[in-house]
Amino acid sequence: MNGAEAVQSDLALTPVSEIMRETVLKVTPETPVTEIFSWFRKRGHTHLIVTDAGGSVLGVITSFDLLSAISPTIGIGSGRKYLSLDRLIKSNARVAGDLMAPVPVIMHGTEPLVRALEMMEHYRYPYTIITDQQGHLTGIVEFADIVKFLINKGHVLGGNTSP
């Protein structure tokens, strides 16, 4: 098996749950915007996952969504441009539910890493949210996690080096 085949094999045979991070920052739709700003300011995060009380994924809030809430003239929000009316609505956001955007990439933990990469590329999104079969949040996989996996498998940078 050549190098490219080995990479494809590892990506196809490894479920996303094997490399996902289980610690995910989440808020409920009722979380005040002031608290969300605090999360981003104090912890330097770029996104929060919005879930209901049972842990079902409802949406995501990115740093761009917060920028739209601060200044409705900013034309970036969750990787897409808002229409003027959308910006005006977002500027009156009071709780997480007002700010959240749909999560374009959600998958079950049993799906392979290759599928995660395909979905991230298709939606041009740097991470995928991992859920169980009932749709409850179980983790997150970012593009950097997949790169780390490939490095640890020896497929990138000469292999088996720790970042």
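## Helix H6 over the sheet

Helix H6, residues 113-123, lies across E4, E5 and E6, and runs at about 170° to E4. Together, E4, H6 and E5 make a right-handed β-α-β unit. Keep in mind that what we're looking at is a predicted model.

## The sheet underneath

What order do the three strands of this open sheet take? They go E4-E5-E6, with mixed pairing. At the edges sit strand E4 (106-108) and strand E6 (137-142), each of which pairs on one side only. On average, neighbouring strands here are turned by 35° against each other, direction ignored.

The mix comes from the two pairings. E4 and strand E5 (residues 127-131) run parallel and are joined by three bridges, with Met-107 standing opposite Ile-130 in E5. E5 and E6, on the other hand, run antiparallel and share five bridges; there, Thr-128 stands opposite Val-141 in E6. E5 and E6 also form a hairpin, with five residues between them. Look at Gly-135 in that turn: it has a positive phi of about 85°.

## Strand E5, covered up

Is E5 mostly covered or mostly open? Mostly covered: five of its five residues are buried. Tyr-127, Ile-129 and Thr-131 point one way from the strand, while Thr-128 and Ile-130 point the other way. That's the usual arrangement, because side chains in a regular strand alternate between the two faces of the sheet.

## Helix H1 and its two sides

Which residues of helix H1 (residues 3-13) are buried? They are Ala-6, Val-7, Asp-10 and Leu-11. Seen down the axis of H1, these buried residues fall within an arc of 130°, so they line one face of the helix. The other side of H1 has Ala-4 and Leu-13, both exposed.

The buried residues of H1 pack against H6 and helix H7 (143-152). So H6 turns up again here: besides this packing with H1, H6 lies across the three strands E4, E5 and E6.

## The whole chain

Zooming out, the protein has seven helices and six strands. Along the sequence they follow the pattern α-β-α-β-β-α-α-α-β-α-β-β-α.

As for burial, 40% of the 163 residues count as buried. The accessible surface comes to about 9,100 Å², and 56% of that belongs to carbon and sulfur atoms. How do the contacts spread along the sequence? Among those between residues at least 6 apart, 50% join residues at least 24 apart.

Note on methods
Residues numbered from 1 in each chain as written. Predicted model: local features only at pLDDT ≥ 70, side-chain atom pairs only at ≥ 80, totals over all residues. Heavy atoms only, no water. Pairing = 2+ DSSP bridges. Helix = DSSP H or I, 4+ residues; strand = E, 2+ residues; numbered from the N terminus. Axes fitted to C-alpha atoms, helices over the stretch in contact; angles between N-to-C directions. Contact = heavy atoms within 4.5 Å. Buried < 20%, exposed > 50% of the residue type's maximum accessible area, 1.4 Å probe, protein only. Arc of directions from axis to C-beta. Areas by Shrake-Rupley, 256 points an atom, 1.4 Å probe, with all protein chains shown as cover. Right-handed = clockwise from strand over helix to strand, strands pointing away.
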